[in-house]
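Morning, everyone. I'll put the sequence and the model up, then walk through them sheet by sheet.

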Amino acid sequence: MKINYNYIKFSLLAISVVGLCSFATSRNKKRLVSKPTIEFLGSNNLFITSDAVSNLLIQNQPTYKNLTKEALDLNGLEQSLMQNSMISKAEVYINAQGILKAEVLQKQPIARVLGDQHYYIDSKGGYMPLSDNYTERVPFVTGNVSKNKLDTVYKMASFILNDSFLKKQVIEIHQENRQEISLKLREAKFIVVVGTLDHLEKKINNLKAFYIKAIKDKTLSEYKTVNLQFDNQVVCSKI
């Protein structure tokens, strides 16, 4: 019987490779986790610092440095970050070198409420606390505003964010008791009375047409209020 030495060599090589892979995998799982590395996604303006995120991870898993990769609760760490009011999304994982990494997406403020409490309204209409690390330049919100009832102000702020004219001009959103809205502009002294947000796009188009004409006629400083609540017209009162 002729012995096939090539087959034997190939079989031994395959067994060796499998054994080395198993050893490496086992050793990798037992490797201790290193100090976390924090990466912020999106904006470079940091409302929450890398140290603050690291502290959140440590508070949730204070003994993580003495844990192996296999023993670490990554989902629990992600949930601890998501509970922070400045964080919109977080992903925590360990790379091949055993480095604990956290990718963090911060909330994006679109308006800042001034009242008994000061806080931001974020891009999803939720609450976001002010930061000691960075202040975003967004329109102020005044008047009758409740943290649990931000729908109307959020809709107005979102519209402003997505309109180049309003984004440049609006410095304040004021909400009355019946959730009717008025605006203050950067380059005009008059109050813009929006009222309810019904037919908002049409109202803002009327405002833009009025503004362009007032600039042309050099009468922008003559008005006290500009009322957009009436169909197909802008009703103004002079100073």
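Lys89 stands opposite Leu105 in β3. That is in a predicted model, where local features need pLDDT of at least 70, side-chain atom pairs count only at pLDDT 80 or more, and totals for chains, interfaces and linings use all residues. Residues are numbered from 1 along each chain as its sequence is written, and side-chain values use heavy atoms, with hydrogens and water left out.

Stay with that strand pair. β2 and β3 are antiparallel, joined by 7 bridges. Pairing here requires at least two DSSP bridges between two strands. Strands are DSSP runs of E, at least two residues; helices are runs of H or I, at least four; both are numbered from the N terminus.

On the other side, β1 and β3 run parallel, with 5 bridges between them. In that pair, Glu39 faces Glu103 of β3. Put together, this is an open sheet of 3 strands in the order β1-β3-β2, with mixed pairing. β1 and β2 (87-94) are at the edges with a single partner strand each, so one side of each has no neighbour in the sheet. Neighbouring strands are turned by 20° against each other on average, direction ignored. Angles run from 0 to 180 degrees between N-to-C directions, on axes that are lines fitted to C-alpha atoms, for helices over the stretch in contact.

Look at the faces of β1. In a regular strand, side chains alternate between the two faces of the sheet. In β1, residues 37-41, the covered face holds Ile38 and Phe40. Thr37, Glu39 and Leu41 make up the uncovered one. Helix α3, residues 74-82, lies across β2 and β3, at about 160° to β2.

Now the second sheet. It is open, with 9 strands in the order β6-β5-β4-β7-β8-β9-β10-β11-β12 and mixed pairing. Its edge strands are β6 and β12 (235-238), each pairing on one side only. From one strand to the next, the twist averages 25°.

In the middle of that order, look at β8 and β9. They pair antiparallel over 5 bridges. His174 sits opposite Ser182 in β9. Two helices pack on this sheet. α4 touches β4, β5 (119-122), β7 (140-143), β8 and β9, and its direction makes about 160° with that of β8. α6 touches β9, β10 (191-195), β11 and β12, and makes about 160° with β10.

Is Ser182 buried or exposed? Ser182 is buried, at a relative accessible area of 10%. The cut-offs: buried is under 20% relative accessible area, exposed is over 50%, partly exposed is in between, with a 1.4 Å probe and protein chains only. Leaving aside neighbours within four places in sequence, Ser182 is in contact with Glu172, Ile173, His174, Glu176, Ile191, Val192, Val193 and Val194. Contact means heavy atoms within 4.5 Å.

Over to the edge. Tyr127 is in β6, residues 127-129. It is partly exposed, at 30% relative accessible area. Beyond four places in sequence, its contacts include Ser85, Tyr119 and Lys147. Lys107 is another of its contacts. Tyr127 and Lys107 are 20 residues apart in sequence and 9.5 Å apart in space, C-alpha to C-alpha.

Two backbone points. Gln179 has a positive phi of about 60° and is not a glycine. It lies in the loop between β8 and β9 (181-185). At 26% relative accessibility, Gln179 is partly exposed. Lys218 also has a positive phi of about 60° without being a glycine. Its loop runs between α6 (200-217) and β11 (223-227). Lys218 is exposed, at 73% relative accessibility.

Next, the pocket. A pocket is an open set of points on a 1 Å grid over the protein atoms alone, where a 1.4 Å probe fits, with protein on both sides within 12 Å along at least five of seven lines; lining residues have an atom within 4 Å of a point. The largest pocket has a volume of about 340 Å³. Of its 17 lining residues, Arg137, Val138, Pro139, Lys167 and Arg186 are closest to the centre. β4 (109-113), α4 (151-161) and β8 (170-175) each supply at least two lining residues.

Finally, the overall count. The protein has 6 helices and 12 strands. Buried residues make up 38% of its 239 residues. Of contacts between residues at least 6 apart in sequence, 51% join residues at least 24 apart.

Technical notes
Points joined across faces, edges and corners; volume = space filled by probe spheres on them.
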